[in-house]
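You asked for a quick read of this one before you open it in a viewer. Here are my notes, point by point, on its empty spaces and on one pair of packed helices.

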Amino acid sequence: MLSKYRFFLLLACTGCVLLFVAFVERGLRPRAPKVNLIQLETVRGLSSGGSSGACRIVIEPPCNATFLIWLVTSYAGEPTARSALRRAYADEELRALGIRRVFLLGKLSGDAERKTRVAQNALLDESRRYNDILQGDFADTYRNLTRKHLMGLRWAVDTCRDVRYIVKMDDDIVVNVYGILEGLRSGKMEENSLTGCLLTNMVPIREPASKWYVSEAEYAGSVYPDFVSGWLYITRPRVASRLIDHAESSREYFWIDDVFVTGILRRALNIKIQDISDLFTTDHRYLECCIRGRASRLKCEFLVGPNGGDAELQVRFKEFAEFCQANCSVREESNLVGNTCVLAYEGPSLYKGAVQIHPVRIS
């Protein structure tokens with residue numbers, strides 16, 4: 001009888017040990033992104049406009065930033081640029097720098113999934129692998145860029161409470177993160193401002209054939225207020241919070257996100273713009289000239305520029321920037337890339353541009 005009790009006691013102890021091990025392993029697993037049940041449903045009737053109020057989140061990552069949150073606007077159906085950014089600046093390196101990078105996505109319609117061959121399940125898998133996707137429950141279209149932009153700012157303000165800065169960037173933009181951090185730590189960024197490439201006297205495009213066509217019903221003014229380019233800008237959480245709160249309380253909406261957020265909303269709140277346009281280039285070939293300057297151990301005066309359709313430029317430019325952190329000297333005024341870079345002529349692209357229509361009198 002005693003042996004039988006010992007057997008049951010041993011069995012119970014073994015069960016307790018197994019349960020304890022299971023709980024420990026569960027606690028050691030990395031935190032998974034929050035995923036709402038809606039992502040398992042068929043995508044139907046996605047929102048395509050309306051007010052700029054808060055949207056429902058489909059996929060939400062955690063925030064572990066201590067210094068800066070890096071929001072990257074990205075099209076769900078184009079993972080190439082996200083892949084290049086992840087390879088250029090690995091999550092481990094960003095974490096060591098106190099940076100958290102998050103990609104902002106909407107949801108693809110059934111037609112968009114077929115065209116891009118990127119299904120919602122693929123985005124779920126991407127999220128599980130990298131834990132850096134914030135997806136809203138709205139159609140991932142140009143007309144919803146403002147929704148995506150405000151979603152990112154709202155998430156950063158509500159979730160990343162200890163960060164000092166917010167950087168918003170487009171995923172087809174190349175950036176020297178080390179140069180951005182050096183500028184921020186120097187204390188040169190103005191308080192209560194939006195820091196970026198200042199754009200002034202920009203007018204709405206009234207040509208219906210343009211992708212950026214804006215009707216007078218959408219925007220009646222003839223000139224946009226001063227704003228900063230959505231390519232990349234920097235601000236502080238309290239400024240972002242003011243922008244979001246005003247957008248949600250006014251329930252205004254304009255689909256060109258940089259104009260709306262950093263122009264219309266900014267002007268309404270009297271937020272200053274700090275212009276750093278001298279750190280931007282609009283031609284990706286200048287970045288290639290910068291990379292060639294590595295042989296002469298010369299730094300590049302540009303920190304931000306387009307990738308020119310080549311996502312791998314992000315990787316090459318990062319390698320150059322990392323090398324030049326400690327090994328390159330500042331260029332003299334006469335030797336700046338903008339003054340010395342020789343660019344090959346590029347003819348106009350026949351598949352780009354807006355249609356121009358001129359009336360002709362026929363007698």
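**Notes on pockets, cavities and a helix pair**

1. Start with helix 2: this helix gives the most to the lining of the second largest cavity, with 3 residues. Keep in mind throughout that we're looking at a predicted model. The cavity itself holds about 40 Å³ of space. Around it you'll find A81, A84, L85, D171, D172, I173, V174, N307, A311 and Q314. Besides helix 2, strand 7 (173-175) also supplies at least two residues of this lining. Sorted by class, the lining has 6 nonpolar, 2 polar and 2 charged residues.

2. Stay with helix 2 and look at its partner, helix 11. A pair of packed helices is described by the angle between the axes and the distance between them. For this pair, the axes come within 8 Å and cross at roughly 15 degrees. An angle under 35 degrees counts as roughly parallel, so helix 2 is roughly parallel to helix 11. The crossing is right-handed.

3. Which residues make the contact between helix 2 and helix 11? From helix 2 come A84, L85, R87 and A88, while helix 11 brings Q314, V315 and K318. Split by class, the residues of this contact are 4 nonpolar, 1 polar and 2 charged. Try finding A84, L85 and Q314 in the viewer: they belong to this contact, and they also line the second largest cavity.

4. Now the other cavity. The count comes to 2 cavities of 30 Å³ or more, and the largest has a volume of about 60 Å³. What lines the largest cavity? The residues are L68, W70, I99, V167, V175, V177, I180 and L232. Strand 3 (68-73) and helix 7 each supply at least two of them. By class, the lining has 8 nonpolar residues, with no polar and no charged ones. Compare that with the second largest cavity, where 2 polar and 2 charged residues turn up.

5. On to the open spaces. The largest pocket has a volume of about 1,800 Å³. It is lined by 46 residues, and those closest to its centre are D170, D172, K211, W212 and W231. You've already met D172, as it is also part of the lining of the second largest cavity. The pocket lining divides into 20 nonpolar, 11 polar and 15 charged residues.

6. Where does the lining of the largest pocket come from? Several helices and strands each supply at least two residues, among them helix 2 (80-88), helix 6 (145-159), strand 6 (165-170), strand 8 (193-199) and helix 9 (257-269). Strand 9 gives the most, with 4 residues. So you can add this pocket to your list of places where helix 2 shows up.

7. Last one: the second largest pocket, at about 840 Å³. Of its 28 lining residues, the closest to the centre are G179, E182, G183, L279 and L303. Helix 7 (177-185) and helix 11 (313-327) are the elements that give two or more residues to this lining. Helix 7 gives the most, with 6 residues. By class, the lining divides into 15 nonpolar, 7 polar and 6 charged residues. Helix 7 is worth colouring in your viewer, as it also supplies at least two residues of the lining of the largest cavity.

Definitions and conventions: Residues are numbered from 1 along each chain as its sequence is written. This is a predicted model: local features need pLDDT of at least 70, side-chain atom pairs count only at pLDDT 80 or more; totals for chains, interfaces and linings use all residues. Side-chain values use heavy atoms; hydrogens and water are left out. On a 1 Å grid over the protein atoms alone, a cavity is a set of points where a 1.4 Å probe fits but cannot get out, and a pocket is an open set with protein on both sides within 12 Å along at least five of seven lines; lining residues have an atom within 4 Å of a point. Grid points are joined across faces, edges and corners, and a volume is the space filled by probe spheres set on the points. Ala, Val, Leu, Ile, Met, Phe, Trp, Tyr, Cys and Pro count as nonpolar, Asp, Glu, Lys and Arg as charged, and the others, Gly among them, as polar. Axes are lines fitted to C-alpha atoms, for helices over the stretch in contact, and angles run from 0 to 180 degrees between N-to-C directions. Angles under 35 degrees count as roughly parallel, over 145 as roughly antiparallel, 65 to 115 as roughly perpendicular and the rest as oblique. A crossing is left-handed if the near helix is turned anticlockwise from the far one by less than a right angle, and right-handed if clockwise. Contact means heavy atoms within 4.5 Å.
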